[in-house]
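Here is a short, friendly tour of one protein model, written to be read with the structure open beside you. Take a moment to turn it around before reading on.

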Amino acid sequence: MDAIYRSWAEVDLNALRGNLAWLRHRVGTGVKIITVVKADAYGHGLRQIAALLMQSGTDVFGVANLVEARHVREVGAGWPILMLGSCLPQETELAVKDGVMPTISSLEEAHRFALAARKLKRTVEVHLKVDTGMGRLGIAPGNALELATRITRMAGLRLVGLMTHFCAAEDDLEFSERQRDVFGDVLRTLETAGITIPWIHAANSGALLHEPETIFTVVRPGLLVYGILPPGNRRVSSVLQKHLSPALAWKSRVSLVKTVLPGATISYGHTFTAPKKMRVATVSAGYGDGYMRAGSNRAEVLVGGKRCRVLGRVTMDQMVVDASHLPKIASGDEVVLIGQQGREVITATELAHWTGSIPWEVLTNISYRVPRIYRGGYAA
């Protein structure tokens, strides 16, 4: 590392390669993989991760919006891209020009894309989404046949995908089974009507682990690609866990070490008062870097391979930790916010627990001012 960073993230490209290879093995070579790279590839860096995935065998990229789609295109032309969210009316023609596959949930959206396709003399490949319980996007299951039939008759559109989204695969077996059954009914209804759709997908990361019956012709892993298991009430075997490696480690540095006396208060709002003489260290990372303020007085970091509790409120650029048990700690020492140091490990899931959040938010919250350092080979 040539530059001196106060807070930085290290991304292990070999871990990402291994995670994708394991996913490919799990679903089989005949199943396409839509790798979800929303939100700057879950905080790992969209352009760099897209380049790696292109080299490592993904089939399709899943994005949230056209800006993300264009970042993928800048790395490599020609890759199929699915916009997982609804396309705004003002974006419709841009999506058609950019060759992005839209997710369709209504007849109005279908008409809009058909009109743009005819205007631009293009054929748009669309994915029809069925709402089986997520309640966010998607057509009601009972109306799926009618909408699918209408789409197949619209000039300029080609129905290539049918999809749904599990909302609690890692937590709720019964509800997930209902979603699976509803989607299965829709599939059978379309097949009976003679509507053949090549790309059938329902399995997100949670469903890949817990609902193997929903691995159809395509899967949509997100968190698993980055080496993290979706936390939930349903257990995952240790055999599965050992195949995944977290790709991101988040680090910082000690900026100051000092001794405080009994009764001394620390940080804004004096929410921590020293009960005894203590040695404390100021760490050069805060909520301006994406470290959640909710970790105040709760979270831990690693210094010298030991856990150190956060004392007082996390501030914009700094936090204070208890270093009383570290006699050799010094300014400039490395601090691990997420990752391994010595034998100790702090995971994104653990940090999420301390902050009352989820690992998806922990990762995507890491801000732009935290540089990403890539290890393990080429990335754009």
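At what angle do helix α3 and helix α4 pack, and how far apart are their axes? Keep in mind as you look that this is a predicted model.

## Helices α3 and α4

Helix α3 covers residues 46–56 and helix α4 covers residues 66–75. The two pack at an angle of about 55°, and their axes are 9 Å apart. That angle makes α3 oblique to α4. As for handedness, α3 and α4 make a right-handed crossing.

Which residues bring the pair together? From α3 come Leu-46, Arg-47, Ala-50, Ala-51 and Met-54, and they meet Glu-68, His-71, Val-72, Glu-74 and Val-75 of α4. Sorted by class, this contact of α3 with α4 holds 6 nonpolar, 1 polar and 3 charged residues.

## Helix α11 and its buried face

Further along the chain you will find helix α11, residues 348–355. Its buried residues are Ala-348, Leu-351, Ala-352, Trp-354 and Thr-355. Looking down the axis of α11, you would see these buried residues fall within an arc of 160°, so they line one face of the helix.

What covers them? The cover includes the strands β14 (300–303), β15 (306–311), β17 (334–341) and β18 (344–346), along with helix α12 (359–364). After α11 comes Gly-356, which has a positive phi, near 65°.

## Met-292, in a loop

Now look at the loop between β13 (278–283) and β14, where Met-292 sits. Is Met-292 buried or exposed? Its relative accessibility is 13%, and because buried means under 20%, Met-292 counts as buried.

Leaving aside residues up to four places away in sequence, Met-292 touches Val-314, Thr-355, Ser-357, Glu-361, Val-362 and Asn-365. One of these, Thr-355, is also among the buried residues of α11. For a sense of scale, try finding Val-130 as well: Met-292 and Val-130 are 162 residues apart in sequence and 35 Å apart in space, C-alpha to C-alpha.

## Ser-176, in helix α8

The last stop is helix α8, residues 173–192, where Ser-176 is found. With a relative accessibility of 0%, Ser-176 counts as buried.

Which residues does Ser-176 touch, not counting those up to four places away in sequence? They are Phe-166, Ala-168, Ala-169, Glu-211 and Arg-234.

Terms used: Residues are numbered from 1 along each chain as its sequence is written. This is a predicted model: local features need pLDDT of at least 70, side-chain atom pairs count only at pLDDT 80 or more; totals for chains, interfaces and linings use all residues. Side-chain values use heavy atoms; hydrogens and water are left out. Axes are lines fitted to C-alpha atoms, for helices over the stretch in contact, and angles run from 0 to 180 degrees between N-to-C directions. Helices (H or I, at least four residues) and strands (E, at least two) are DSSP runs, numbered from the N terminus. Angles under 35 degrees count as roughly parallel, over 145 as roughly antiparallel, 65 to 115 as roughly perpendicular and the rest as oblique. A crossing is left-handed if the near helix is turned anticlockwise from the far one by less than a right angle, and right-handed if clockwise. Contact means heavy atoms within 4.5 Å. Ala, Val, Leu, Ile, Met, Phe, Trp, Tyr, Cys and Pro count as nonpolar, Asp, Glu, Lys and Arg as charged, and the others, Gly among them, as polar. Buried means under 20% relative accessible area, exposed over 50%, partly exposed in between (1.4 Å probe, protein chains only). The arc is that of the directions from the helix axis to the C-beta atoms.
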